[in-house]
Amino acid sequence: MSELVKTLVLRPDISKPKWDQSTFEGRAKHFFAITNPLNLFYGGNQLDDFKKIVDEYRKGTVPNDLTVNQLWKAKHVVDSAFHPSTGEKMLMVGRMSAQVPMNMAITGGMLTFYKSPMAVIFWQWLNQSFNAVVNYTNRSGDGGSVSQLLVSYCAATGGALTAALGLNSLVKKAPPLVGRLVPFVAVCVANAINIPMMRRGELTDGIDILDENGQVIGQSPGVAKSAISQVVVSRVFMATPTFAFIPVVVNVLEKRPYFKANPKMFLPLQTILCGLVLSVSTPVGCALFPQLTPVTFDQIEPELAEKLKNLPNPPKQLYCNKGL
């Protein structure tokens, strides 16, 4: 043990994020590290090496030359590439670090090809298919998760297509900017359908309520509604800068002589803008609300509150993991 102290004087607790998650700044720093697209460039052998560092550290074994910064780097790469419950390597396109590059390409296409019905169908389908891959990759692993994914995927795709195609037919004579905002409405509708359907089990049976030690001590449907609502708000917030801000910029630029002469430039321009905006809006959107959300006794059902207060050692603070 004395050797461990010499080689790594500071022994950080890597079971928790590096930064204080009770503050917005701390949560933002954490998600900037987890969603960093550069994490995708690590190959299989490198990922296995990072995982070995983290696993051995948890067992108390520390390489002689390991620094604190190297340990946290390994932890962030492992968190972005390996499933937190199963420990298995996740599909590359479904990782949090793939959110920016994948959404950059898909959103660029949705914003550029929004007029043709066939183009709308293709890009909305592609967007929901990508969301389904992300949900499958990050699934909890319970027996009904695949069937829940399929149902929510079909419902979200249907909702997005209905909103996009229906609104497109209504805004044909409206100003161009109105038409450019149709994909944003479709994405909001899809999120409002997809997330509650994916987590409908929590809405009926309740989300896990945790004590100060992270132990599950009950389930609350009421808290589930609040947690899922926060996730929907976060997802819509992530999409707002790209789907609402970029169309305004493009609407101004399309009147310029250069873009009138070179309309094909809108696809690369919007895709690049999407990448720049998403690199900020994705981690910031994830950081809007604490992952481990404090819950008061007034928020849970009266019967559960009474049960917890009558425990031999009643918890002083309750929490729930709201999800992403």
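This is a short tour of a predicted model, moving from the whole chain to one residue and then to a patch on the surface.

Begin with the whole chain in view, coloured by secondary structure, where 14 helices and 4 strands can be followed. The C-alpha trace spans about 70 × 55 × 35 Å along its principal axes, and of the 324 residues in the chain, 43% are buried. If you display contacts between residues at least 6 apart in sequence, 73% of them join residues that are at least 24 apart. Switching to a surface view shows what the chain exposes, about 16,900 Å², with carbon and sulfur atoms supplying 63% of that area.

Next, select Glu301, which sits in the loop that runs between strand β3 (292–295) and helix α14 (302–309). Which side chain of opposite charge is nearest to this buried residue? Selecting Lys225 gives the answer, although the two are 7.3 Å apart and Glu301 has no salt bridge. Now add Ser220 to the selection, since the side chain of Glu301 makes a polar contact with the side chain of Ser220, at 2.8 Å. To see the surroundings, show Gln219, Ser220, Pro221 and Gly222 together, as these are the residues in contact with Glu301 once its neighbours within four places in sequence are left aside.

Finally, return to the surface and select Leu91, Val93, Tyr136 and Val146, which form a nonpolar patch there with about 340 Å² of accessible area together. To place one member of this patch in the fold, follow Val146 into helix α7, which covers residues 145–170.

Conventions: Residues are numbered from 1 along each chain as its sequence is written. This is a predicted model: local features need pLDDT of at least 70, side-chain atom pairs count only at pLDDT 80 or more; totals for chains, interfaces and linings use all residues. Side-chain values use heavy atoms; hydrogens and water are left out. Helices (H or I, at least four residues) and strands (E, at least two) are DSSP runs, numbered from the N terminus. Buried means under 20% relative accessible area, exposed over 50%, partly exposed in between (1.4 Å probe, protein chains only). Lys and Arg count as positive and Asp and Glu as negative; His and the chain ends are not counted. A salt bridge is a side-chain nitrogen of Lys or Arg within 4 Å of a carboxyl oxygen of Asp or Glu. A polar contact is a pair of N or O atoms within 3.5 Å; within protein, one must be able to donate a hydrogen and the other to accept it, and residues adjacent in sequence count only if both atoms are side-chain atoms. Contact means heavy atoms within 4.5 Å. Patches are made of residues with over 30% relative accessible area and no salt bridge: like charges are joined within 9 Å, nonpolar side chains (Val, Leu, Ile, Met, Phe, Trp, Tyr) within 5 Å. Accessible areas come from the Shrake-Rupley method with a 1.4 Å probe; for residues, only the protein chains shown count as cover.
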